[in-house]
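I opened a fresh page today to write down what I looked up. Below is the structure I worked from, followed by my entries.

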2 protein chains.
Amino acid sequence: MKKKVKITSIEVANLAGVSQSTVSRAFTTESPVAKKTREKVISIAKRIGYQPNAMARSLITRKSNMVGIVISNVTSNPFYPEVLDLLSRKFQENGQKVMLFVVHRDQSLDDILPQLLEYQVDGILITAVTLSSAMAFECERWGTPVTLFNRYVPGSNASWFCCDNIAGGRTVGQLFIDSELKRPAYIAGSENTSTSIDREKGFMEIMNENGIKTLREVGNYNYNDAYAAAIQLVDRPNPVDSIFCSNDIMAFGALDAIRSGMDLKVPEDVSIIGFDDIPMASWPSFNLTTVRQPVRRMVDASVEDLISRIKTPEKPPNQKVIMGEMIVRGSSRIPSEVSMS
Amino acid sequence: MKKKVKITSIEVANLAGVSQSTVSRAFTTESPVAKKTREKVISIAKRIGYQPNAMARSLITRKSNMVGIVISNVTSNPFYPEVLDLLSRKFQENGQKVMLFVVHRDQSLDDILPQLLEYQVDGILITAVTLSSAMAFECERWGTPVTLFNRYVPGSNASWFCCDNIAGGRTVGQLFIDSELKRPAYIAGSENTSTSIDREKGFMEIMNENGIKTLREVGNYNYNDAYAAAIQLVDRPNPVDSIFCSNDIMAFGALDAIRSGMDLKVPEDVSIIGFDDIPMASWPSFNLTTVRQPVRRMVDASVEDLISRIKTPEKPPNQKVIMGEMIVRGSSRIPSEVSMS
DNA sequence: TTTACCATTGCATAGGTATGCAGAATTATT
DNA sequence: AATAATTCTGCATACCTATGCAATGGTAAA
């Protein structure tokens with residue numbers, strides 16, 4: 001339909017009566033060009049619809065101004081769309097384009113990272129996905145900085161920023177104990193994720209310290225599995241009186257299971273606490289007590305880290321744990337005055 | 001920390017004792033290379049960690065194998081993360097990388113499209129964002145095909161694929177009428193979106209045909225505004241008995257407003273119907289009657305259209321409307337036998 | 001054995017921009 | 001007005017890979 005002729009800087013140069021170099025310089029802010037010349041070039045460029053070719057530029061500057069974002073669980077947990085939104089916005093503000101990969105369970109990072117490296121991304125941000133140390137090494141060899149969001153890799157020199165999941169788990173446990181709940185349970189997310197493992201660890205620590213036996217089910221970070229798990233925990237001889245779910249979505253599943261499925265009351269019969277504090281948690285239907293992840297700060301820290309390591313490759317990686325905040329709403333019993341020491 | 005030396009095809013060539021051309025050909029499936037040579041090259045490449053530079057390749061082939069996805073509402077409506085997930089997966093399956101832009105209300109497409117064109121994307125897919133005809137023209141001039149998902153631009157020659165929003169609105173209206181509801185209302189999304197306008201149009205058509213007066217509020221496609229709007233509609237002398245919300249998230253807001261806010265019953269006092277059928281709609285807490293958008297088919301159609309127009313630029317654009325499906329659940333009164341003709 | 005033919009390979013160049021260096025044009029200095 | 005100091009500009013080249021064309025080698029046909 002249309003002439004597929006790409007307009008190059010040379011044509012602009014010819015029309016403006018200058019050299020190609022000058023056109024190039026006109027489009028680079030710091031380059032030395034007479035103000036008048038630049039204006040002429042820019043105006044002609046606009047008229048004929050010229051735009052610099054980022055590929056050619058990247059080839060020579062060795063900077064693509066692209067970062068790779070690898071993410072998963074975008075549909076199963078509303079927390080991650082929010083993360084993606086914030087990440088993407090922040091990268092844009094810093095002049096970085098985003099190459100996105102949404103990973104599914106049937107895919108491995110090992111197939112995705114090479115594609116990112118092939119496109120010369122300046123850095124890679126990985127969230128909700130576990131990075132193998134082999135791949136971490138591959139990126140290191142390639143000289144591309146990697147930052148993990150809410151995951152970590154022990155051996156590597158990737159940066160990472162996590163919510164303090166262990167502390168979060170402890171806080172929840174402590175709240176249950178202060179509320180004199182005696183039969184707690186934990187519904188795990190996906191078994192091999194550090195987030196679920198750490199939240200469980202903190203929670204169980206507190207329970208062990210207080211000599212309280214704790215049940216455990218697996219909800220795979222999704223609503224339906226958590227719904228079923230909650231039924232298991234309650235529909236038994238010695239039902240639990242409190243459930244800590246490793247994320248909010250599962251907490252909703254548990255809530256619905258307890259209320260609609262079992263026809264019990266929350267928090268009178270069962271206290272339920274989640275993790276994330278996604279926007280829905282504050283909706284009247286759920287009114288969920290939960291641990292708020294400091295998304296903004298985690299995003300800011302991650303992006304700033306990655307960008308600074310792109311600018312200064314010799315910088316060492318950063319690793320930081322950021323505290324969450326307990327948000328008490330109506331789905332959990334409140335500690336009575338008496339029981340508070 | 002690391003030597004930032006990029007490994008090029010020339011080094012592989014030297015080590016393998018072949019020319020750079022041969023290395024290049026070894027990495028291109030259809031190129032004529034002796035099987036043995038290719039194996040040697042590949043193995044050496046793997047050993048020293050060589051990967052072709054996609055930028056350089058794109059420069060010469062004039063194909064970036066990247067498409068741009070422009071999206072918004074990623075956090076406010078769970079429908080769009082799902083769309084993004086499916087789109088991204090489908091593009092990946094077709095060997096296209098995705099450059100992502102998440103647009104916010106304070107941003108204009110006019111700033112974003114040039115960035116995509118600068119990076120030589122082979123095509124652009126826009127969803128949840130309105131494209132100005134000026135920008136449509138700009139892409140056309142550049143020779144880059146554009147496909148719209150759930151939006152359309154009257155004048156342009158962009159492709160678009162929409163759910164049949166008018167028909168969806170009519171179906172909802174008809175259901176209310178069959179259920180003998182007499183005081184219906186519509187809660188609009190964002191005023192200037194074609195989706196909200198069309199759903200309203202279909203709904204109002206039916207109401208007008210039946211001579212039923214219909215109230216109207218605006219919910220801006222978000223939970224809180226719809227919550228407030230629903231209160232308005234019910235907390236008044238002559239309260240409504242049925243509400244059609246332009247998407248599911250607003251329907252949840254309306255539900256919570258009616259039940260928690262006003263302490264009324266759904267569907268006994270008020271019937272509520274949404275649009276989208278996001279996964280949450282089937283949760284027991286909501287159990288929402290809604291119009292399911294045929295996401296899969298819309299995604300498949302959009303991606304296939306864009307890819308085919310990338311391969312064959314002279315192909316004319318496609319425009320198609322795809323029917324949704326009414327999913328009846330518990331939030332709406334069911335037509336009695338008697339009232340069915 | 002000679003000729004024809006096919007499968008591989010290398011050479012040379014193109015794709016569009018950025019940048020060091022040197023020359024040209026302009027301004028400041030005396 | 002002449003010279004020195006700046007500011008601009010153009011030339012030539014590099015970035016890395018893909019590909020048309022010609023040359024090479026080898027094999028099959030005669």
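**Entry 1: DNA strand C**

I began with the surroundings of DNA strand C: of the 28 residues around it, A:Ser9, A:Ser24, A:Tyr50, B:Thr22 and B:Thr37 come nearest. I counted a residue as near when one of its heavy atoms lies within 4 Å of the strand. Of the atoms of DNA strand C that come within 4 Å of the protein, sugar and phosphate make up 59%.

A note on the ground rules: this is a predicted model, where local features need pLDDT of at least 70 and side-chain atom pairs count only at pLDDT 80 or more, while totals for chains, interfaces and linings use all residues. Residues are numbered from 1 along each chain as its sequence is written, chains are lettered from A and ligands numbered from 1 in the order in which they are written, and side-chain values use heavy atoms, with hydrogens and water left out.

Next I looked up polar contacts, meaning pairs of N or O atoms within 3.5 Å (within protein, one must be able to donate a hydrogen and the other to accept it, and residues adjacent in sequence count only if both atoms are side-chain atoms). On the base side, a polar side-chain atom of A:Gln20 sits 3.1 Å from a base nitrogen of DNA strand C, and I found an N or O atom in the side chain of B:Arg25 at 2.8 Å from a base nitrogen. On the backbone side, the side chain of A:Ser24 has an N or O atom 2.5 Å from a phosphate oxygen of DNA strand C. The elements giving two or more residues to this surface are α2 and α4 of chain A together with α2 and α4 of chain B; helices (H or I, at least four residues) and strands (E, at least two) are DSSP runs, numbered from the N terminus.

**Entry 2: DNA strand D**

Which residues are closest to DNA strand D? Among the 26 residues that surround it, I noted A:Thr22, A:Thr37, B:Ser9, B:Ser24 and B:Tyr50 as the closest. Of the strand D atoms within 4 Å of the protein, 60% belong to sugar or phosphate and the rest to bases.

I wrote down two phosphate contacts and one base contact. B:Tyr50 places a side-chain N or O atom 2.7 Å from a phosphate oxygen of DNA strand D, and a polar backbone atom of A:Ala34 is 3.0 Å from a phosphate oxygen. The side chain of B:Ser21 has an N or O atom 3.2 Å from a base oxygen of DNA strand D. Two or more residues each come from α2 (20-26) and α4 (54-61) of chain A, and from α2 (20-26) and α4 (54-61) of chain B.

**Entry 3: the sheet in chain B**

I then traced an open sheet of six strands in chain B, in the order β7-β6-β8-β9-β10-β12 with mixed pairing (two strands pair if DSSP finds at least two bridges between them). β7 (215-218) and β12 (325-327) of chain B are at the edges with a single partner strand each, so one side of each has no neighbour in the sheet.

Strand β10 (residues 289-292) of chain B runs antiparallel to β12(B), joined by three bridges, and I saw B:Val291 opposite B:Met326 in β12(B).

**Entry 4: domains of chain A**

Last, I checked the domain assignment of chain A: domain 1 (9-52), domain 2 (66-163 + 295-324) and domain 3 (165-293), with bounds from an automatic or database assignment. The centres of domain 1 and domain 2 of chain A, taken over C-alpha atoms, are 36 Å apart.
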